[in-house]
Amino acid sequence: MVLEEIKNRRSVRSYQEREIPEEVLLRVLEAVRLAPSARNRQPWKFVIVQDKELIQEVAGASPLYGNPQTFMASAPIIIAGCATNTEHIMPNGVPSYPIDLAIALDHLTLQATKEGLGTCWIGAFDQNKVKALLGVPENMKIVCLMPLGYPKTVTATKRSRKPLEDIICYNQYQE
Ligand SMILES: Cc1cc2nc3c(=O)[nH]c(=O)nc-3n(C[C@H](O)[C@H](O)[C@H](O)COP(=O)(O)O)c2cc1C
């Protein structure tokens, strides 16, 4: 049941050295592949970074409020979700690529959770530096990075989320 994975997923910021078996990785990537996208354009490419030195360098190029996110380097894999085209605007005036990439990466987080793996969304990174490290073409955009690995510590932290009544209204918008 997908709600199970949604409830169990947490941002994981500490990983075991343990490698991810290929069949497990392929199931996670299959969940990515099947994601929907605007007009089914699938405007994406996912760079699976497995090279340890490169992982270190990507982590080094991902500071959060000035501090390097060193935890990223403990993961055996970092996935870079790249938008291959950033031009498409939906009829509603909203660019589609961040949505498309977010859906695909969210599929990733949920299948990873089902496989006992941990992930963490990473939006704090230097776009140009990481692009250069991974050879991503200039006209593309890396939307988010995502370390993937077996969690070192499983802490069932309490969810800090707004209550349902604050985020839902019926028929008419209400403050
Ligand atoms: C788009 C996006 C970017 C994020 N960037 C970072 C990041 O750079 N570093 C980090 O440690 N967490 C990052 N996070 C994780 C959030 O802080 C986290 O999802 C939020 O606090 C809720 O916690 P949870 O994921 O454990 O439910 C990001 C999350 C999202 C959705």
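1. Let me start with a pocket, keeping in mind that this is a predicted model. The second largest pocket is lined by Tyr-15, Gln-16, Glu-17, Glu-19, Lys-52, Ile-55, Gln-56, Ala-73, Ser-74, Ala-75, Pro-76 and Lys-152. Its volume comes to about 200 Å³, and the lining residues divide into five nonpolar, three polar and four charged.

2. Next, the sheet. Four strands form an open sheet in the order 1-4-6-5, and their pairing is antiparallel. Strand 1 (44-49) and strand 5 (118-119) are at the edges with a single partner strand each, so each has one side left without a neighbour in the sheet.

3. At the strand 5 edge, you will find two bridges that pair strand 5 with strand 6 (residues 141-149) in the antiparallel sense. Thr-119 has Leu-148 of strand 6 as its bridge partner.

4. Two helices are worth viewing against this sheet. Helix 3 (residues 52-60) lies across strand 1, strand 4 (77-83) and strand 6, at about 60° to strand 4. Helix 4 (residues 97-114) lies across strand 1, strand 4, strand 5 and strand 6, and runs at about 5° to strand 6.

5. Helix 4 also meets helix 2 (residues 22-33): their axes come within 7 Å and cross at roughly 150°. This crossing of helix 2 and helix 4 is right-handed. On the helix 2 side the contact is made by Arg-27, Val-28, Ala-31 and Val-32, and on the helix 4 side by Ala-104, His-107, Leu-108, Gln-111 and Ala-112. By class, the residues of this contact divide into six nonpolar, two polar and one charged.

How values were computed:
Residues numbered from 1 in each chain as written. Predicted model: local features only at pLDDT ≥ 70, side-chain atom pairs only at ≥ 80, totals over all residues. Heavy atoms only, no water. Pairing = 2+ DSSP bridges. Contact = heavy atoms within 4.5 Å. Axes fitted to C-alpha atoms, helices over the stretch in contact; angles between N-to-C directions. 1 Å grid on protein atoms, 1.4 Å probe; cavity = no way out; pocket = protein on both sides within 12 Å on 5 of 7 lines; lining within 4 Å. Points joined across faces, edges and corners; volume = space filled by probe spheres on them. Nonpolar A, V, L, I, M, F, W, Y, C, P; charged D, E, K, R; others polar. Left-handed = near helix turned anticlockwise from the far one by under 90°.
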